[in-house]
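Student: Could you walk me through reading a model like this one? I'd like to go feature by feature.

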Amino acid sequence: MFKQVAAILLTVGVVLAFPTDPYGQPVYKSEPIPYNYAYGVKDDYAGTDFGHNENSDGSTAKGSYNVALPDGRIQTVSYVADHYNGYQAQVSYKGEAQYPHQYGPAVTFKPQYQPSYQPSYQPQPSYQ
């Protein structure tokens with residue numbers, strides 16, 4: 001009986017002696033840092049139009065992003081996110097969806113880069 005109790009106490013002591021983090025790296029907690037940022041892209045040639053802005057006081061982030069949809073509407077998502085309530089978004093649309101009855105030719109873009117070099121040799125076929 002004494003040997004069983006001693007074995008159990010020895011096992012418990014060994015388990016408690018090990019650190020909770022096996023890699024021994026300290027955990028650093030830093031204070032939240034307020035930030036804000038914004039960007040926007042509008043390229044009429046390619047037809048892209050979107051943007052995003054966000055403000056944070058360090059604990060709650062508030063912002064919105066928008067994108068021009070293929071049907072002609074603009075979709076805007078406004079959101080609030082924090083550690084307690086999670087991500088809460090409200091989606092709104094501006095404009096009326098347009099669906100044309102006739103479609104034109106596919107939009108193609110020509111490459112803007114044209115190589116200005118010539119190969120140093122002209123390959124010739126090896127067969128007759």
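**Reading strands, turns and a buried charge**

Tutor: Sure, let's start from one residue: Glu54 sits in strand S2, which covers residues 48-56. Keep in mind that this is a predicted model.

Student: What is the overall make-up of the protein chain in helices and strands?

Tutor: Count the elements, then read their order. Here there is 1 helix and there are 5 strands, and along the sequence they run α-β-β-β-β-β.

Student: How much of the protein chain is buried?

Tutor: Of its 128 residues, 9% are buried. The exposed surface comes to about 12,200 Å², with 58% of that supplied by carbon and sulfur atoms. For contacts with a separation of 6 or more, 16% link residues 24 or more positions apart.

Student: Back to the strands. In which sense do S1 and S2 pair?

Tutor: Look at the direction of the partners and count the bridges. S1 (residues 35-43) pairs with S2 in the antiparallel sense, over 9 bridges. To fix the register, find a facing pair: Gly40 is opposite Gly51 of S2. Then check the turn: the two strands form a hairpin with 4 residues between them, and Gly47 there has a positive phi of about 85°.

Student: And what does S2 do with S3?

Tutor: S2 and S3 (residues 61-68) also make an antiparallel pair, with 7 bridges. Ser56 faces Ala61 of S3. This hairpin has 4 residues between its strands, and Gly58 has a positive phi near 110°.

Student: How should I think about side chains on a strand?

Tutor: In a regular strand, they alternate between the two faces of the sheet. For a particular residue, go on to its neighbours. Glu54 touches Tyr35, Asn36, Tyr37, Ala61, Lys62, Gly63 and Tyr79, leaving aside residues up to four places away in sequence.

Student: Which side chain of opposite charge is nearest to Glu54, and how far away is it?

Tutor: That would be Lys62, at 12 Å. A salt bridge needs the charged atoms within 4 Å, and Glu54, although buried, has none. What the Glu54 side chain does have is a polar contact of 2.4 Å with the side chain of Tyr79.

Student: What about the loop after S3: is Pro70 buried or exposed?

Tutor: Compare relative accessibility with the cut-off: exposed means over 50%. Pro70, in the loop between S3 and S4 (74-82), counts as exposed because its relative accessibility is 86%. Sequence distance and spatial distance are worth reading together, too: Pro70 and Gln98 are 28 residues apart in sequence, and their C-alpha atoms are 8.8 Å apart.

Note on methods: Residues are numbered from 1 along each chain as its sequence is written. This is a predicted model: local features need pLDDT of at least 70, side-chain atom pairs count only at pLDDT 80 or more; totals for chains, interfaces and linings use all residues. Side-chain values use heavy atoms; hydrogens and water are left out. Buried means under 20% relative accessible area, exposed over 50%, partly exposed in between (1.4 Å probe, protein chains only). Lys and Arg count as positive and Asp and Glu as negative; His and the chain ends are not counted. A polar contact is a pair of N or O atoms within 3.5 Å; within protein, one must be able to donate a hydrogen and the other to accept it, and residues adjacent in sequence count only if both atoms are side-chain atoms. Contact means heavy atoms within 4.5 Å. Accessible areas come from the Shrake-Rupley method with a 1.4 Å probe; for residues, only the protein chains shown count as cover. Two strands pair if DSSP finds at least two bridges between them.
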